[in-house]
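Open the model in your viewer and switch to a cartoon view. We will move from the overall fold to the core, and then to a few loops.

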Amino acid sequence: QVQLVESGGGLVQAGGSLRLSCAASGTIFSPNAMGWYRQVPGKQRVLVATSTSGGTLHYVDSVKGRFTISRDNAKNTVYLQMNNLKPEDTAVYYCNYKGFAAPFNGDYWGQGTQVTVSS
């Protein structure tokens, strides 16, 4: 089992910045991937950015150049630095952990943190 605790959401004006953090605990082994997804009411949860334990990063096109994902493997923590925020970034942001090492493979989610960007 893996537990994820998120922090850092809030209300910000367009053009502002926020930093999300997600600390993982429990049965954590490499290889794995940690990342962020977001969801607005009535729509599916979608990928924002991911970072693998091997150092591979991936971003959805709409956040490239504005968001930066990073991780501290020693602390099992992943961060999402969000700059130049836009109203369309408003969503509940969920931390995700994917384990790929059997028998500890699995897919885990945080509780979600609200990000609201006002115009």
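Start in a loop. Select Asn76, which sits between β7 and β8. This is a predicted model. Check the backbone at Asn76: phi is near 50 degrees, a positive value in a residue that is not glycine. Is Asn76 buried or exposed? Neither label fits: its relative accessibility is 26%, so Asn76 counts as partly exposed.

Move on to Asn84, in the loop between β8 and β9. Phi of Asn84 is near 50 degrees, again a positive value outside glycine. The relative accessible area of Asn84 is 41%, which makes this residue partly exposed.

**Step back to the whole chain**

Colour by secondary structure. How many helices and strands does the protein have? There are zero helices and 11 strands. Follow the chain along the sequence and the pattern reads β-β-β-β-β-β-β-β-β-β-β. The radius of gyration is 14 Å, close to the 14 Å from the globule rule for 119 residues, so the protein is as compact as a globular protein of that length.

Turn the model along its principal axes. The C-alpha atoms fill a box of roughly 45 × 25 × 20 Å. Now consider the contacts between residues at least 6 apart in sequence: 55% of them join residues at least 24 apart.

**Go inside**

Buried residues make up 39% of the 119 residues. Select Leu4, Trp36, Leu80, Met82 and Tyr93. These have the most contacts inside the largest nonpolar core, a set of 26 residues. Which strands supply at least two residues each to this core? Show β1 (2-7), β3 (18-26), β4 (32-39) and β5 (46-52), then add β7 (67-72), β8 (77-82), β9 (91-99) and β11 (113-118).

**Look at the surface**

Turn on the surface. The protein exposes about 6100 Å², and carbon and sulfur atoms supply 52% of that area. Next, show the charged side chains. There are 10 positive and 6 negative ones. The centres of the two sets lie 1 Å apart.

**Finish at two prolines**

Select Ser30 and Pro31. The peptide bond from Ser30 to Pro31 is cis, with omega near 0 degrees. Pro31 lies in the loop between β3 and β4.

Where is Pro103 found? Look in the loop between β9 and β10 (106-109). Add Ala102 to the selection. A cis peptide bond joins Ala102 and Pro103, with omega about 5 degrees.

Definitions and conventions:
Residues are numbered from 1 along each chain as its sequence is written. This is a predicted model: local features need pLDDT of at least 70, side-chain atom pairs count only at pLDDT 80 or more; totals for chains, interfaces and linings use all residues. Side-chain values use heavy atoms; hydrogens and water are left out. A nonpolar core is a set of buried Ala, Val, Leu, Ile, Met, Phe, Trp, Tyr and Cys residues joined through side-chain atoms within 4.5 Å. Buried means under 20% relative accessible area, exposed over 50%, partly exposed in between (1.4 Å probe, protein chains only). Helices (H or I, at least four residues) and strands (E, at least two) are DSSP runs, numbered from the N terminus. The radius of gyration is taken over C-alpha atoms; the globule rule is 2.2 Å times the number of residues to the power 0.38. Contact means heavy atoms within 4.5 Å. Accessible areas come from the Shrake-Rupley method with a 1.4 Å probe; for residues, only the protein chains shown count as cover. Lys and Arg count as positive and Asp and Glu as negative; His and the chain ends are not counted. The place of a charge is taken as NZ of Lys, CZ of Arg, CG of Asp or CD of Glu.
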